[in-house]
Amino acid sequence: MIVSPEMMKTSTARTASTSVAPIPTIVPTPPHIVAAGDVGNRTLWVVVVIMAISSLAFYGMAFRVPVQKRLFHIITAFITTFAFLSYFAMATGDGISFASYTETEHHKKVPSIDVEVKREIYWARYVDWSITTPLLLLDLSLLAGLSGANILVAIVADIIMVLTGLFAAFGQGKDSQKWGWYAWGCIAYLVVVYQLAIGGRETVARKDSKTKAFYASIAGFTLILWTIYPIIWGLSEGGHIINVDSEIIAYAVLDILAKPVFGFWLLFTHDSMASTSPSLEGFWAHGFGEQGTLRVGDDGEA
């Protein structure tokens, strides 16, 4: 059989082309989404209802006492009102964002790969804390009789604590940056503890025994709860050890204890103990008097 040179070239080209393996297509790994499930979403709605009922109860209790004695009632009602708004935003999906970070997946037979993870961050929770925790501190500070300077220091330290937690939760850099923000938040919290535990105890010591015992109980209760918050943060937004549902449940229990339970305890005791009930007159109760009103045309009449 006679084979032409052209046929030999064609056969050789076909053989060469079939010996080359196809180039594999690289498909990027989609980010892993860590979000709340049904349990977490139901928990948010339960807290919405609890905060709403508590707010209505606190406003009702406020109207049962003279306006001069409503200071604690109004502050406490505002606490649960802002908490209600925050949880309503989280339950409806309006107070949520995502923070991205990278995790390394290790495999036995194939090389390890880095996977992008997007975890839900409830920024509305930090807005809530930045408003409600200063109001909680104001309740405790007024109960103890702290000076204005000490109250200001405690509130500013508290706001710093909340903001650093927010910055750490959304941190896009290295772990050292995230935990650096966390460390600053813990330092700010120690300032709050000092103002309540040391300054508050020294100030309330000048009051009667019932007020001292009540302040020691409710302030100790609050500080124990507040100490658990950074632990939960370290396990959830910080260390990514527990899932979002567990995070929601843990924070929900703490928020219920630190706000509605705290509020009912404070107001029921406040109403039963005359020594804890400051009476505010002047602008708080009566507004501007005749000497404080603005007058138009007095110069011409004089």
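**Exercises on contacts and salt bridges**

In the protein, 77% of the contacts (heavy atoms within 4.5 Å) with a separation of 6 or more are between residues 24 or more positions apart. This is a predicted model, in which local features need pLDDT of at least 70, side-chain atom pairs count only at pLDDT 80 or more, and totals for chains, interfaces and linings use all residues. Residues are numbered from 1 along each chain as its sequence is written, and side-chain values use heavy atoms, with hydrogens and water left out.

**Exercise 1.** State how many helices and strands the protein has, and give their order.

*Solution.* Step 1: Apply the definition, by which helices (H or I, at least four residues) and strands (E, at least two) are DSSP runs, numbered from the N terminus. Step 2: The count gives 10 helices and 3 strands. Step 3: Read from the N terminus, the order is α-β-α-α-β-β-α-α-α-α-α-α-α.

**Exercise 2.** Describe the burial and the accessible surface of the protein.

*Solution.* Step 1: A residue is buried under 20% relative accessible area, exposed over 50%, and partly exposed in between (1.4 Å probe, protein chains only). Step 2: By this rule, 38% of the 302 residues are buried. Step 3: The accessible surface, from the Shrake-Rupley method with a 1.4 Å probe and, for residues, only the protein chains shown as cover, is about 17,200 Å². Carbon and sulfur atoms contribute 67% of this surface.

**Exercise 3.** Determine which salt bridges Arg125 forms with Glu237 and Glu247, and locate the partners.

*Solution.* Step 1: A salt bridge requires a side-chain nitrogen of Lys or Arg within 4 Å of a carboxyl oxygen of Asp or Glu; the structure holds 5. Step 2: Between Glu237 and Arg125, the closest N and O atoms are 3.9 Å apart. Glu237 belongs to helix H7 (residues 209–238) and Arg125 to helix H4 (residues 123–144), with their positions 112 residues apart. Both residues are buried. Step 3: Arg125 also meets Glu247, at 3.0 Å from N to O. Glu247 lies in helix H8 (residues 244–272), 122 residues from Arg125, and Glu247 is likewise buried. Step 4: Arg119, Arg125, Glu237 and Glu247 are linked in a network of salt bridges.

**Exercise 4.** Explain why the salt bridge between Asp128 and Lys259 ties together distant parts of the sequence.

*Solution.* Step 1: The side chains of Asp128 and Lys259 meet at 2.9 Å, N to O. Step 2: Because Asp128 lies in helix H4 and Lys259 in helix H8, the pair ties together parts 131 residues apart in sequence. Step 3: Asp128 is buried at 2% relative accessibility, and Lys259 is buried with a relative accessible area of 3%.
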